[in-house]
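Subject: Structure handover

Hello,

Here is the structure I promised to pass on. Please open it before you read further, and keep it beside these notes.

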Amino acid sequence: MMTALRDLYADFDWRGDAGRWINLLTGSDRFLKMFTAGDSAAQIVAAWQPELKAFDRTRRQYLLYRR
């Protein structure tokens with residue numbers, strides 16, 4: 001949603017506190033850097049995939065019901 005707003009509205013102001021809240025919400029400054037650089041939503045989501053796959057592998061051993 002934020003990439004769409006950024007692309008549609010040149011005056012879109014989302015940095016009320018210099019980006020601190022978005023870093024807290026996303027867990028790192030990677031989103032902010034990619035967003036500011038103009039990366040697309042697809043590029044941002046693709047950057048998370050290796051960590052998401054690693055998390056899925058780790059959590060599988062703790063599931064009560066296997067998929």
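Below is what was found in it, from the whole chain down to single residues.

One thing up front: this is a predicted model.

**The chain as a whole**

The chain has 4 helices and 0 strands. Read from the N terminus, the order is α-α-α-α. The radius of gyration is 16 Å, and the globule rule gives 11 Å for 67 residues, so the chain is more spread out than a compact globule. Along the principal axes, the C-alpha atoms fill a box of roughly 50 × 25 × 15 Å.

How much of the chain is buried? Of the 67 residues, 18% are. The exposed surface comes to about 5,500 Å². Carbon and sulfur atoms supply 59% of that surface.

Now take the contacts with a separation of 6 or more. Residues 24 or more positions apart account for 25% of them.

Charges next. The chain carries 11 positive and 8 negative charges. Their mean positions lie 14 Å apart.

**Helix α3 and its partners**

Start with α3, which covers residues 30-37. Which of its residues are buried? They are Phe 31, Leu 32, Met 34 and Phe 35. An α-helix has 3.6 residues a turn, so residues three or four places apart point the same way. Keep that in mind when you look along the helix.

What do the buried residues of α3 pack against? They meet α1 (2-8), α2 (20-26) and α4. After α3 comes Gly 38. Its phi is positive, near 95°.

**Arg 6**

Arg 6 sits in helix α1. Its side chain has a polar contact with the side chain of Asp 7, at 2.9 Å. A polar atom of the Arg 6 side chain also lies 2.8 Å from the backbone oxygen of Phe 35. Phe 35 is one of the buried residues of α3.

Which residues does Arg 6 contact once its neighbours within four places in sequence are set aside? The list is Phe 12, Phe 35, Gly 38 and Asp 39. Gly 38 is the residue with the positive phi that follows α3.

**Helix α4 and the segment after it**

Helix α4 spans residues 41-60. Two of its residues deserve a look.

Asp 56 is in α4. Is Asp 56 buried or exposed? Its relative accessibility is 17%, so Asp 56 counts as buried. The cut-off for buried is under 20%. The side chain of Asp 56 makes a polar contact with the side chain of Arg 59, at 3.2 Å.

Arg 60 is in α4 too. Its relative accessibility is 44%, so Arg 60 counts as partly exposed. Where does Arg 60 lie relative to Gly 19? The two are 41 residues apart along the chain, and their C-alpha atoms are separated by 34 Å.

Then go past the helix. Leu 64 is in the segment after α4. Leu 64 is exposed, because its relative accessible area is 78% and exposed means over 50%. Leu 64 and Met 1 are 63 residues apart in sequence. In space, C-alpha to C-alpha, they are 34 Å apart.

**Where to look**

For a quick tour, begin at the buried residues of α3. Move to Arg 6 and its contact with Phe 35. Then follow α4 to Asp 56 and on to Arg 60. End at Leu 64, in the segment after α4.

Best wishes

Conventions. Residues are numbered from 1 along each chain as its sequence is written. This is a predicted model: local features need pLDDT of at least 70, side-chain atom pairs count only at pLDDT 80 or more; totals for chains, interfaces and linings use all residues. Side-chain values use heavy atoms; hydrogens and water are left out. Helices (H or I, at least four residues) and strands (E, at least two) are DSSP runs, numbered from the N terminus. The radius of gyration is taken over C-alpha atoms; the globule rule is 2.2 Å times the number of residues to the power 0.38. Buried means under 20% relative accessible area, exposed over 50%, partly exposed in between (1.4 Å probe, protein chains only). Contact means heavy atoms within 4.5 Å. Accessible areas come from the Shrake-Rupley method with a 1.4 Å probe; for residues, only the protein chains shown count as cover. Lys and Arg count as positive and Asp and Glu as negative; His and the chain ends are not counted. The place of a charge is taken as NZ of Lys, CZ of Arg, CG of Asp or CD of Glu. A polar contact is a pair of N or O atoms within 3.5 Å; within protein, one must be able to donate a hydrogen and the other to accept it, and residues adjacent in sequence count only if both atoms are side-chain atoms.
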